[in-house]
Amino acid sequence: MATNVMWPIENDDRRVHIMKVSSRFNRNYDFFNELCKSMNEGGREYLMHVLQNRNIADFIPQKMPEDAEALNDVRFEAKLANFTFIELWCYTNLCGPIWPFCSNDFLDTATIFNTFKEEMIGHDIQKLAEISRMGFTKKLKEIFMTSLGTKKSSGNKLLVRFESLQVCRLDFQKYIRCASVDWDV
């Protein structure tokens, strides 16, 4: 299957293999016309012969390809293209030199939610309006499982406290299931 559509996949998912292909033959109609012509003139039979006679005795379907780091990069790009607004906002902030909410103090989730809304202006306003503060906070808890502390204030407001930037980044990597992320964007 070939597609221009990207979709999120698991880090160790073997059902789908995404690879980057060269743009060398992009819009090279002569090349693809010749390719189609050769497939129609015995190419299919030759390909079938090669595939039927290839020795795959040592093939282990569960084993990741040798270039797992490059594959991780491609998977990350696929996930990045499909981030929700909240995931994109978290990723963008985590790429900076500081996570703006790392503090020894607990912060009101309303403050963080309002910052999110302000920083995401310019995106799809309708979809952004559908995100509630409760849904936003729930997603933060899901993303930052070990780096987010919570407590209730005396006024029964939910307060949160984030750990260091490094710990938040590790939580985000675990959440998106990527072995590594280049944070120096």
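**Close-up views of a predicted model**

**View 1. Helix α3 and its buried residues.** Here's who is buried in α3: Phe85, Ile86, Glu87, Trp89, Cys90, Tyr91, Asn93 and Leu94. Keep in mind that this is a predicted model. With 8 of its 10 residues buried, α3 is largely enclosed by the rest of the structure. Pull back for a moment and the protein chain shows 7 helices and 3 strands, running α-α-α-β-α-α-α-β-β-α from the N terminus. Across the 185 residues of the protein chain, 30% count as buried. As for contacts between residues at least 6 apart in sequence, 66% of them join residues at least 24 apart.

**View 2. The largest nonpolar core.** This core has 32 residues, and the ones touching the most other members are Trp89, Trp99, Phe116, Phe144 and Phe162. Which elements give two or more residues to this core? They are α3 (85-94), α4 (109-119), α6 (133-143), β3 (158-162) and α7. The top contributor is α3, which gives 6 residues.

**View 3. Zooming in on Phe162.** Leave aside residues up to four places away in sequence, and what does Phe162 touch? Its partners are Trp99, Phe101, Cys102, Ser103, Ile112, Leu140, Phe144, Ser147, Leu148 and Cys168. Two of these, Trp99 and Phe144, are also listed with Phe162 among the core residues that touch the most other members.

**View 4. Where α3 meets α4.** Two packed helices are described by the angle between their axes and the distance between the axes. For α3 and α4, the axes come within 11 Å and cross at roughly 90 degrees. An angle from 65 to 115 degrees counts as roughly perpendicular, so that is the label for α3 and α4. On the α3 side, the contact uses Phe85, Ile86, Trp89 and Asn93, while α4 brings Ile112, Thr115, Phe116 and Glu119. Sorted by class, the residues of this contact are 5 nonpolar, 2 polar and 1 charged.

**View 5. Where α4 meets α6.** Here the axes cross at roughly 95 degrees and come within 10 Å, so α4 and α6 are roughly perpendicular too. From α4, the residues making the contact are Thr109, Ala110, Ile112, Phe113 and Phe116; from α6, they are Arg133, Phe136, Thr137 and Leu140. The class split for the contact of α4 with α6 is 6 nonpolar, 2 polar and 1 charged. Ile112 and Phe116 turn up in this contact and also in the one α4 makes with α3.

**View 6. Ser164, in the loop between β3 and α7.** Ser164 sits in the loop that links these two elements. Its relative accessibility is 31%, so Ser164 counts as partly exposed. How far apart are Ser164 and Phe101 in sequence and in space? They are 63 residues apart in sequence, with 9.2 Å from C-alpha to C-alpha.

**View 7. Helix α7, end to end.** A quick sanity check on length: at 1.5 Å a residue, the 12 residues of α7 (residues 165-176) should span 16 Å, and the end C-alpha atoms are 17 Å apart, which agrees. The buried residues in α7 are Leu165, Cys168, Arg169, Asp171, Phe172, Gln173, Tyr175 and Ile176. Of these, Cys168 also touches Phe162. Just after α7 comes Arg177, with a positive phi near 55 degrees.

Note on methods: Residues are numbered from 1 along each chain as its sequence is written. This is a predicted model: local features need pLDDT of at least 70, side-chain atom pairs count only at pLDDT 80 or more; totals for chains, interfaces and linings use all residues. Side-chain values use heavy atoms; hydrogens and water are left out. Helices (H or I, at least four residues) and strands (E, at least two) are DSSP runs, numbered from the N terminus. The expected span of a helix is 1.5 Å times one less than its number of residues. Buried means under 20% relative accessible area, exposed over 50%, partly exposed in between (1.4 Å probe, protein chains only). A nonpolar core is a set of buried Ala, Val, Leu, Ile, Met, Phe, Trp, Tyr and Cys residues joined through side-chain atoms within 4.5 Å. Contact means heavy atoms within 4.5 Å. Axes are lines fitted to C-alpha atoms, for helices over the stretch in contact, and angles run from 0 to 180 degrees between N-to-C directions. Angles under 35 degrees count as roughly parallel, over 145 as roughly antiparallel, 65 to 115 as roughly perpendicular and the rest as oblique. Ala, Val, Leu, Ile, Met, Phe, Trp, Tyr, Cys and Pro count as nonpolar, Asp, Glu, Lys and Arg as charged, and the others, Gly among them, as polar.
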